[in-house]
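Colleague: Could you take a close look at one small part of this model with me? I'm still learning, so please explain the terms as you go.

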Amino acid sequence: MRAGYCIFILLVSLTLLGIVDVCNAGKLSYKFYKRTCPRAEQIVKEIIQNRTQSNPSMGARLIRMQFHDCFGCDASVLLDTVNNSTAEKEAIPNSSLSGFDVIDDIKTAIERVCPKVVSCADILALAARDAVSAPFSKPLWDVQLGRRDGMVSLATETNGNLPSPFANFTSLIQLFNRKGLDVNDLVVLSGAHTIGVAHCATFSSRLYNFTGKGDADPSLDPTYAEALRKQCPNPASPTITVEMDPTSSLSFDNHYYYILLQKKGLFGSDAALLTNRNSGKIVTRLQRSRSSFFPAFAKSVKKMGAIEVLTGNAGEVRQNCRVVNP
């Protein structure tokens with residue numbers, strides 16, 4: 001009894017000093033770092049504002065990185081390969097990710113102020129939000145915090161855990177359902193394809209010999225397919241990229257749904273959204289109302305950001321986002 005009482009007093013004391021936040025232990029919270037690192041969000045915002053001014057594509061890069069990490073949001077995608085253990089970032093779906101240097105800069109700045117407190121997983125979630133929101137001069141969604149960092153990163157674990165650009169609707173919805181997401185989340189989160197670019201290899205199979213007869217994917221607008229062939233010769237060059245949302249690849253909005261209904265979705269997985277009645281209805285609804293897209297995205301990205309998170313005493317708070325703590 002006396003030992004338990006002493007532990008209780010110790011926890012109360014540490015909480016009052018801001019060393020331990022008992023109320024937030026083991027769960028995500030919008031104010032997780034209010035006591036332990038109150039400047040964390042501002043530091044992220046300032047660095048992201050600086051980076052997006054010189055690189056408007058930063059939003060696309062970081063939201064994609066978060067997506068690829070958040071089918072298990074533990075910052076494992078940030079870890080470098082160690083010895084013979086090939087890390088996630090070197091898996092084929094992740095090999096074109098970029099923006100790791102930005103996360104490094106943010107982590108370094110935060111460690112100077114609040115060492116060993118703010119996780120890399122939370123930094124990535126905040127950075128992605130702030131980079132996409134930068135042109136709007138206000139945050140487009142709130143970010144819950146309190147994630148811990150994973151200690152394992154294996155390229156093999158990306159297999160079957162990331163949506164493929166070649167996937168059909170059945171494969172997509174099965175993967176999303178396994179992660180606790182539904183058809184609405186699938187369509188809404190696909191809307192992030194309104195910003196950014198893609199390498200030719202991720203869609204060139206739709207342009208050349210789609211059915212083995214030298215033809216293009218019939219679900220792709222023929223004029224658009226011809227324009228894409230001019231940009232992406234066969235075989236696909238690993239150095240050529242194409243806008244995912246033609247003429248609007250730097251604007252985060254609902255324009256993606258317009259092009260989708262025009263049969264100009266770049267990936268097979270984009271076109272797949274029109275092969276299901278329910279998802280097709282959601283595409284039409286989001287296309288008709290720009291104002292409904294933003295709150296819908298905010299809700300779905302919040303759900304995504306809580307997938308398989310580590311909290312409490314699980315994982316660790318890395319001091320360097322590229323390596324586990326010694």
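Colleague: Which residues does Gly72 touch, not counting residues up to four places away in sequence?

Modeller: Happy to help! This is a predicted model, so local features need pLDDT of at least 70 and side-chain atom pairs count only at pLDDT 80 or more, while totals for chains, interfaces and linings use all residues. Residues are numbered from 1 along each chain as its sequence is written, and side-chain values use heavy atoms, leaving out hydrogens and water.

Now to your glycine. With residues up to four places away in sequence set aside, Gly72 touches Ile307 and Glu308; contact here means heavy atoms within 4.5 Å. Gly72 sits in the loop between helix 3 and helix 4 (100-113), where a helix is a DSSP run of H or I with at least four residues, numbered from the N terminus. Gly72 counts as buried because its relative accessibility is 13%; buried means under 20% relative accessible area, with a 1.4 Å probe and protein chains only.

Gly72 also has listed partners. An unreviewed UniProt entry gives Asp69, Gly72, Asp74, Ser76 and Glu88 under "binding site". Those five are spread over 20 residues of sequence, yet they cluster in space, with a largest C-alpha distance of 11.8 Å. Do keep in mind that UniProt annotations may be inferred rather than shown by experiment.

One of these partners, Asp69, lies in helix 3 (residues 58-69). Asp69 is counted as buried because its relative accessibility is 2%. Leaving out residues up to four places away in sequence, Asp69 touches Asp74, Ala75, Ser76, Val77 and Leu124. Asp74 and Ser76 from that set are also on the UniProt list.

Conventions
Helix = DSSP H or I, 4+ residues; strand = E, 2+ residues; numbered from the N terminus. Buried < 20%, exposed > 50% of the residue type's maximum accessible area, 1.4 Å probe, protein only.
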